[in-house]
Amino acid sequence: IVLGAYYFDEDGSQSNELLTSVATVNGFPNAPLFLADLRSAQNESQALFGQATWHLLDDRLHLTAGLRYTDDVKDYSVDSAVNPTVAPLVTLTGQQTSEEVTPMFNASYDFSENVMGYLNYSEGFRNGGFPPRITGTPTFIPSYDPEFAEVWEAGVKSTLFDGALRLNAAYFHTSYDDIQVAAVRTDLPPEPAGIAI
């Protein structure tokens with residue numbers, strides 16, 4: 001039997017300034033334009049997990065079951081301004097939470113002292129979040145949802161010919177829901193004139 005707990009806490013910040021020179025900004029001729037923002041993130045994750053193994057049929061059959069409870073919270077904020085002399089400071093905030101229970105099951109059988117077969121099933125997830133870069137003058141913080149995976153594995157492990165040959169084989173299959181991939185959106189409205197990003 002294995003029992004455990006996990007805790008993670010992280011704080012981070014990033015400051016960005018982009019400078020350019022344009023002819024006119026909001027009616028101000030030859031106004032220096034800059035995009036300034038301060039991004040802050042706080043991530044907290046905590047989990048409880050346990051696992052137990054039962055040995056049956058003269059210790060030839062081994063059954064293992066595990067369970068993990070995870071609670072994740074991500075807070076993200078952006079303070080941005082396009083030339084504060086002509087535009088006010090804008091503060092945007094967002095939060096992503098994930099509360100999941102993920103199981104694991106394993107069955108293995110010792111066909112002999114040197115040959116073992118097994119079947120394993122597990123579930124996992126990667127929590128949602130926010131894009132690392134938000135350009136222009138956003139009115140909200142975009143976010144993405146958690147990614148979920150189910151994994152099957154079956155295989156055989158063997159040591160043959162008095163240890164002269166080790167032969168292992170395994171089959172893996174993973175199915176995803178809401179898989180997270182990097183992408184560039186082209187259907188967003190154009191940036192205001194004069195903003196260099």
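Strands are DSSP runs of E with at least two residues, numbered from the N terminus. The model is predicted, so local features need pLDDT of at least 70 and side-chain atom pairs count only at pLDDT 80 or more, while totals for chains, interfaces and linings use all residues. Residues are numbered from 1 along each chain as its sequence is written, and side-chain values use heavy atoms, without hydrogens and water.

**Exercise 1.** Locate E44 and state whether E44 is buried, partly exposed or exposed.

Solution. Step 1: E44 lies in strand β4 (residues 32-56). Step 2: buried means under 20% relative accessible area, exposed over 50%, and partly exposed in between (1.4 Å probe, protein chains only). Step 3: the relative accessible area of E44 is 30%, so E44 is partly exposed.

**Exercise 2.** Find the salt bridge and describe its two residues.

Solution. Step 1: the criterion is a side-chain nitrogen of Lys or Arg within 4 Å of a carboxyl oxygen of Asp or Glu. Step 2: the structure holds 1 salt bridge, and R126 and E147 form it, at 3.1 Å from N to O. Step 3: R126 belongs to strand β7 (residues 115-126) and E147 to strand β8 (residues 147-160); 21 residues apart, they link distant parts of the chain. Step 4: R126 is partly exposed at 44% relative accessible area, whereas E147 is buried at 9%.

**Exercise 3.** Classify the ring pair of Y109 and F111.

Solution. Step 1: rings of Phe, Tyr and Trp (its six-membered ring) pair if their centres lie within 6.5 Å; planes under 30 degrees apart are stacked, over 60 edge-to-face, and the rest tilted. Step 2: the structure holds 4 aromatic pairs. Step 3: the centres of Y109 and F111 are 5.1 Å apart and the planes are at 75 degrees, so this pair is edge-to-face.

Notes:
Helix = DSSP H or I, 4+ residues; strand = E, 2+ residues; numbered from the N terminus.
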